Protein chains: 2
Amino acid sequence: MPMKIIATIAEMQKASADERALGKRIALVPTMGYLHDGHVSLIKKAKDHADIVIASIFVNPTQFGPNEDFERYPRDFTRDHSLLEGAGCDYIFYPGIKEMYAGANRTEIKIDYLTRNFEGTLRPGHFNGVALVVSKLFNATLPHLAIFGQKDYQQTLVIKQMVRDLNFGIELIISATYREADGLAMSSRNVYLSPSERLKANIIFNALEKAKKAILSGERQRKIINATMHSVLRSVPEIRIDYASSALADSLDEPDIFLAGDELVLLLAVYLGRTRLIDNTLVRAPLSSASAEDKFVEEYI
Amino acid sequence: MPMKIIATIAEMQKASADERALGKRIALVPTMGYLHDGHVSLIKKAKDHADIVIASIFVNPTQFGPNEDFERYPRDFTRDHSLLEGAGCDYIFYPGIKEMYAGANRTEIKIDYLTRNFEGTLRPGHFNGVALVVSKLFNATLPHLAIFGQKDYQQTLVIKQMVRDLNFGIELIISATYREADGLAMSSRNVYLSPSERLKANIIFNALEKAKKAILSGERQRKIINATMHSVLRSVPEIRIDYASSALADSLDEPDIFLAGDELVLLLAVYLGRTRLIDNTLVRAPLSSASAEDKFVEEYI
């Protein structure tokens with residue numbers, strides 16, 4: 001079947017209902033376009049889990065703050081189209097802003113607790129915008145499962161909570177972050193980096209790796225773990241740190257001391273020049289020094 | 001097919017998916033149980049519009065305030081079951097509170113503007129609770145259409161807005177209020193009334209009717225319309241008025257003067273003794289004195 005492009009919610013709902021009526025299992029991969037290999041890997045993973053893959057491309061204005069990069073966010077539909085076709089995507093859902101936000105939007109979806117720190121405080125309203133658009137995309141595409149990238153770690157927690165709380169009958173798959181050869185997490189925003197910034201951008205991955213190693217060697221004091229990341233990042237003067245923190249992976253709680261066996265997430269957001277980049281990694285605090293070599297979990301569902 | 005009772009979200013979603021796979025059109029009638037003839041009329045209307053009718057019975061704690069009647073809200077599942085079976089209902093979705101609110105609920109849905117007056121201010125959090133539970137019920141039952149009674153008029157506006165804003169692919173039907181012979185709107189809460197209160201309760205309908213007649217005779221000043229209702233209600237000393245107001249039917253705006261041709265809603269909430277009752281009616285301000293006899297709209301979709 002040739003890939004189809006659908007621009008309206010009503011047509012998308014009908015196409016999905018028709019696929020469901022044929023007994024097809026549908027996967028949604030929500031994107032903001034300007035796709036990279038990480039997105040392509042999500043499409044391929046979606047194909048492994050479903051009969052029909054819908055990729056949505058929508059740069060959602062309600063999740064950008066007033067001084068953020070909504071206007072200059074990179075867009076290239078022709079290239080996205082060809083990447084998605086090559087990856088075996090079945091539908092592109094590509095609505096305009098007027099289609100997605102027709103009339104006065106008066107509904108707000110707010111997820112408590114999981115939004116109380118990190119991106120939730122630094123980008124006020126961001127997760128409300130994410131929750132709203134993801135709800136709209138779920139109801140427009142009616143998938144059996146949806147795949148999100150782990151790179152937006154806090155977002156994955158927020159969406160899991162919303163899916164649970166609103167009884168969305170949708171399975172979520174969180175897919176490991178795709179990285180460049182030097183460890184930089186793939187992101188559409190990497191295009192903002194100057195060549196010299198790009199060379200230094202792997203410091204982010206190095207900071208995560210160094211803190212992870214410290215944890216696997218037995219470090220469980222949150223301040224020391226965080227300081228480890230800060231000190232690596234400070235070796236690049238063009239870096240400004242929004243946060244470089246450790247937390248419990250499921251709750252984002254930040255106790256002074258983590259316990260043996262705790263599943264942790266290391267999260268950071270930094271400006272490299274004018275470009276804001278985020279990254280994270282998961283690691284389990286070893287149960288004893290003997291098990292310090294336990295493999296950390298890079299992917300979970 | 002004998003009527004089925006389903007208590008879990010997962011089984012309800014599966015039953016609906018199976019019905020959809022058979023090409024069936026599904027209607028949901030959400031209720032809080034303790035059914036009356038008004039509910040039965042909703043089930044019958046649902047059967048006219050769909051192949052399969054699901055009635056949900058769930059007294060939703062999150063839409064009751066701390067001093068409201070959640071605990072003493074009347075319940076009688078055996079009677080409800082028999083009424084629904086008699087009306088030709090196909091499924092009762094009857095989840096417990098732990099099924100509907102498993103774990104920490106951290107998601108809030110807030111509808112702006114349409115909740116800024118009337119029930120929205122007098123029952124803080126009420127419409128957030130309604131929006132949340134209706135979303136959960138929609139996702140649990142996956143209907144093509146849902147039927148709500150006009151008696152909860154502001155609620156119907158809130159739900160319509162939410163369905164639009166979140167792209168729920170669900171058709172809404174708002175069904176005219178069912179009334180006792182003397183005009184009292186049917187409500188599960190009418191059981192709270194003492195016999196002598198019950199005799200006086202038709203004053204509510206009379207107040208609406210008198211104001212409607214005034215509008216059809218050309219009255220367009222909001223304060224005078226509202227005063228008409230107040231003066232009728234004050235003839236019963238046991239009545240305490242929360243509000244008795246007129247507004248534009250689609251926005252709930254309250255201009256000083258309505259315009260010829262405006263579609264209005266008359267809304268009231270009163271205590272009769274300890275029982276809080278609400279009611280409303282729709283009426284179009286006539287285009288000219290010649291058209292003052294225009295039929296008002298009792299039902300709309």
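**A walk through the two-chain model**

Eight of the 10 residues of strand β9 (residues 263-272) of chain B are buried, so the rest of the structure largely encloses this strand. The model is a predicted one, and β9(B) is a handy place to start reading it. On one side of the story is strand β8 (residues 239-248) of chain B, joined to β9(B) by nine bridges, with the two strands running antiparallel. Within that pairing, B:Tyr243 sits opposite B:Ala269 of β9(B). β9(B) also pairs with strand β10 (residues 275-284) of chain B, again in the antiparallel sense, this time over 10 bridges. Here B:Leu267 has B:Asn280 of β10(B) standing opposite. β9(B) and β10(B) form a hairpin, with two residues between them. One residue in the turn, B:Gly273, has a positive phi of about 65°.

Positive phi values turn up in chain B outside glycine too. Most residues other than glycine have a negative phi. B:Phe118 goes the other way, with a positive phi of about 55° even though it is not a glycine. B:Phe118 lies in the loop between β5 and α5 (119-122) of chain B. Is B:Phe118 buried or exposed? With 23 C-beta neighbours inside 10 Å, B:Phe118 counts as buried, since the cut-off for that label is 20 or more. B:Asn167 is another residue other than glycine with a positive phi, near 60°. The loop that holds B:Asn167 runs between α7 (153-165) and β7 of chain B. B:Asn167 also counts as buried, because 23 C-beta neighbours lie inside 10 Å.

A little further along chain B comes B:Ala176, in the loop between β7 (171-175) and α8 (195-200). B:Ala176 has 17 C-beta neighbours inside 10 Å and so counts as partly exposed. How far apart in space are B:Ala176 and B:Gln150? In sequence they are 26 residues apart, yet their C-alpha atoms are 5.4 Å apart in space.

In chain A, strand β6 (residues 145-149) and strand β7 (residues 171-175) pair in the parallel sense, over five bridges. One of the pairs matches A:Leu145 with A:Glu171, its bridge partner in β7(A). Add the helix α7(A), and β6(A), α7(A) and β7(A) make a right-handed β-α-β unit.

Stepping back to chain A as a whole, its secondary structure comes to 10 helices and 10 strands. The C-alpha trace of chain A spans about 55 × 40 × 40 Å along its principal axes. A compact globule of 301 residues would have a radius of gyration near 19 Å, and the 20 Å of chain A agrees with that. Buried residues account for 45% of the 301 residues in chain A. As for how chain A is wired together, take the contacts with a separation of 6 or more: 71% of them are between residues 24 or more positions apart.

Then there is the way the two chains meet. Chain A can be laid on chain B by a turn of 180° and a shift of 0.0 Å along the axis, with an RMSD of 0.0 Å. The two copies are thus related as by a two-fold rotation axis. The same surface serves both copies, with 100% of the contact residues of chain A recurring in chain B.

How many residues of chain A are in contact with chain B? There are 28 of them, and they touch 28 residues of chain B. On the side of chain A that touches chain B, the elements giving two or more residues are α1 (9-21), β5 (107-111), α6 (126-141) and α7 (153-165) of chain A. The largest share of that side comes from β5(A), with five residues. By type, the residues of this side of chain A divide into 10 nonpolar, 10 polar and eight charged.

β5(A) does something else across the chain boundary: five bridges join it to strand β5 (residues 107-111) of chain B, and the two strands run antiparallel. Among the residues involved is A:Glu108, whose bridge partner in β5(B) is B:Lys110.

Note on methods. Residues are numbered from 1 along each chain as its sequence is written. Chains are lettered from A and ligands numbered from 1 in the order in which they are written. This is a predicted model: local features need pLDDT of at least 70, side-chain atom pairs count only at pLDDT 80 or more; totals for chains, interfaces and linings use all residues. Copies are superposed by least squares on the C-alpha atoms of residues with pLDDT of at least 70 in both. Two residues are in contact if their C-beta atoms, placed from the backbone, lie within 7 Å. Helices (H or I, at least four residues) and strands (E, at least two) are DSSP runs, numbered from the N terminus. Ala, Val, Leu, Ile, Met, Phe, Trp, Tyr, Cys and Pro count as nonpolar, Asp, Glu, Lys and Arg as charged, and the others, Gly among them, as polar. Two strands pair if DSSP finds at least two bridges between them. The radius of gyration is taken over C-alpha atoms; the globule rule is 2.2 Å times the number of residues to the power 0.38. A residue is buried if 20 or more other C-beta atoms lie within 10 Å of its own, exposed if 12 or fewer, and partly exposed in between; C-beta atoms are placed from the backbone. A crossover is right-handed if, with the strands pointing away from the viewer, the path from the first strand over the helix to the second runs clockwise.
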